[in-house]
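Thanks for making time this morning. I would like to walk you through one structure, moving from sheet to sheet and then to the ligand, so please have the sequence and the model open as I talk.

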Amino acid sequence: MLLRIATRESPLALWQARHVQHALQRAHPGLEVQLVPMTTQGDRMLATSLSALGGKGLFVKELEQALLEHRADIAVHSMKDVPVHQPQGLCLAAYLPGEDPRDAFVSNAYATLDALPPGASVGTASLRRQAQLRALRPDLRVGDLRGNVGTRLRKLDEGHYDAILLACAGLIRLGLEARIREPLGPPRFLPAIGQGIIGIECREDDAATRGLLAPLHDARMATRLAAERAFNARLGGACQVPVAGHAVVHGDRVQLSGLVGAPDGSQLVRADVEGPADQAAALGTRLAEQLLDRGARAILAALGMAV
Ligand SMILES: NCc1[nH]cc(CCC(=O)O)c1CC(=O)O
């Protein structure tokens with residue numbers, strides 16, 4: 001039997017697709033697994049700001065189209081890039097065990113965020129990272145840095161910024177863990193929904209493929225994502241707004257922290273909830289409603305979003 005993996009062509013996406021390829025071959029000796037690399041709209045338009053383009057779905061749409069047209073059997077995604085609702089006929093069938101969910105402070109001259117001198121420049125295109133940075137260090141100059149992990153590190157090394165922020169997970173996967181000067185994590189700095197988790201999407205009615213994926217699935221990550229994605233869905237799943245959220249599963253309980261910010265970082269609303277793991281999605285919805293009542297509704301309304 002042959003299984004075809006739709007993947008983006010960036011080094012990180014290819015690493016993740018090969019990681020799934022090897023995991024499938026370990027679980028099913030004799031299974032043939034091929035990569036089907038493709039360029040997405042998001043990759044073609046790296047020069048334009050993501051929020052102006054209308055969202056993160058741009059990195060997954062082409063892969064999903066390949067699944068629907070039977071040009072591939074599974075698509076491997078960074079869950080951070082996957083919108084909260086799947087297209088009709090597709091489903092997220094497996095999540096791999098998570099890598100470090102934290103963000104990484106990366107700099108050649110400074111060991112920590114606190115060590116940056118007043119007025120230093122930090123590169124990141126993520127509204128979520130920008131808003132939290134501004135809240136912690138209003139004095140910093142934050143620049144819009146986009147591109148693949150390698151491109152961003154090169155811009156740092158060329159001296160365009162004093163520091164940049166990236167996901168620890170991507171750096172670790174690419175063998176660049178040594179570039180992490182300081183991990184920035186909860187409760188001080190909240191990651192993106194799904195950060196560090198690789199998800200596998202397939203056709204909903206493809207029972208054979210779902211069977212092959214079952215041994216790769218990590219139920220704790222499914223609980224984490226249920227909480228985080230329900231939280232994001234209740235906030236409208238928008239990417240023009242800084243939204244962060246992180247769930248931690250302890251046995252049969254989940255702790256979920258989340259925040260919503262004004263795009264300019266002038267305001268951050270945050271809260272935490274805790275509850276049973278089998279009600280993770282309801283917990284995510286409840287956290288979103290708490291934040292809406294404490295100021296997030298006004299932040300979203302100012303952006304023309306009714307929730
Ligand atoms: N936005 C691109 C992206 N999507 C997922 C990751 C990291 C890997 C992960 O979160 O699993 C990255 C790179 C980054 O933010 O530094």
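Let me start in the C-terminal part, with a single pair of residues: Gly 258 has Ala 271, in strand E13, as its bridge partner. I should say at once that this is a predicted model. That pair belongs to a ladder in which 9 bridges join strand E12, residues 253–261, to E13, the two strands running antiparallel. The sheet around them is open, with 3 strands in the order E11-E12-E13 and antiparallel pairing. Strand E11 (243–250) and strand E13 (268–276) are at the edges with a single partner strand each, so one side of each has no neighbour in the sheet. On average, and ignoring direction, neighbouring strands here are turned by 10° against each other.

Two helices lie across this sheet. H9 lies across E11 and E12, at about 150° to E11, while H10 lies across E11, E12 and E13 and runs at about 160° to E13. These helices also meet each other: the axes of H9, residues 219–234, and H10, residues 280–302, come within 7 Å and cross at roughly 35°, and the crossing is right-handed. On the H9 side the contact includes Thr 223, Ala 226, Ala 227 and Phe 231, and on the H10 side it includes Leu 283, Gly 284, Leu 287 and Ala 288. By class, the residues of this contact divide into 9 nonpolar, 3 polar and 4 charged.

Now to the domains. The assignment for the protein chain gives domain 1 as 1–96 + 197–217, domain 2 as 103–184 and domain 3 as 218–307. Taken over C-alpha atoms, the centres of domain 1 and domain 3 are separated by 25 Å, and their contact takes 11 residues from domain 1 and 11 residues from domain 3. On the domain 1 side, those residues divide into 7 nonpolar, 3 polar and 1 charged.

The next sheet is an open one of 5 strands, in the order E7-E6-E8-E5-E9, with mixed pairing. Its edge strands are E7 (141–143) and E9 (182–184), each of which pairs on one side only, and neighbouring strands are turned by 30° against each other on average, direction ignored. Strand E5, residues 103–106, is joined to E9 by 3 bridges, and these two strands run antiparallel; Asp 103, for instance, has Leu 184 of E9 as its bridge partner. Helix H5, residues 127–136, packs on this sheet, touching E5, E6, E7 and E8, with its direction at about 175° to that of E7. Helix H6, residues 149–157, packs on the sheet as well, touching E5, E6 and E8, and its direction makes about 165° with that of E8.

Which domains supply the shell around the ligand? At least three residues come from each of domain 1 and domain 2. The surrounding residues are Ser 78, Lys 80, Asp 81, Val 149, Leu 166, Ala 167, Ala 169, Gly 170, Gln 195 and Gly 196, which by class makes 4 nonpolar, 4 polar and 2 charged. Strand E8 (163–167) and helix H7 (168–173) each supply at least two residues of that shell.

Finally, two backbone details. The peptide bond from Pro 186 to Pro 187 is cis, with omega near 0°, and Pro 187 sits in the loop between E9 and strand E10. His 70, although not a glycine, has a positive phi of about 60°, and its place is in the loop between helix H4 and strand E3.

How values were computed. Residues are numbered from 1 along each chain as its sequence is written. This is a predicted model: local features need pLDDT of at least 70, side-chain atom pairs count only at pLDDT 80 or more; totals for chains, interfaces and linings use all residues. A residue is near a molecule or strand if its C-beta atom, placed from the backbone, lies within 6 Å of it. Helices (H or I, at least four residues) and strands (E, at least two) are DSSP runs, numbered from the N terminus. Ala, Val, Leu, Ile, Met, Phe, Trp, Tyr, Cys and Pro count as nonpolar, Asp, Glu, Lys and Arg as charged, and the others, Gly among them, as polar. Domain bounds come from an automatic or database domain assignment. Axes are lines fitted to C-alpha atoms, for helices over the stretch in contact, and angles run from 0 to 180 degrees between N-to-C directions. A crossing is left-handed if the near helix is turned anticlockwise from the far one by less than a right angle, and right-handed if clockwise. Two residues are in contact if their C-beta atoms, placed from the backbone, lie within 7 Å. Two strands pair if DSSP finds at least two bridges between them.
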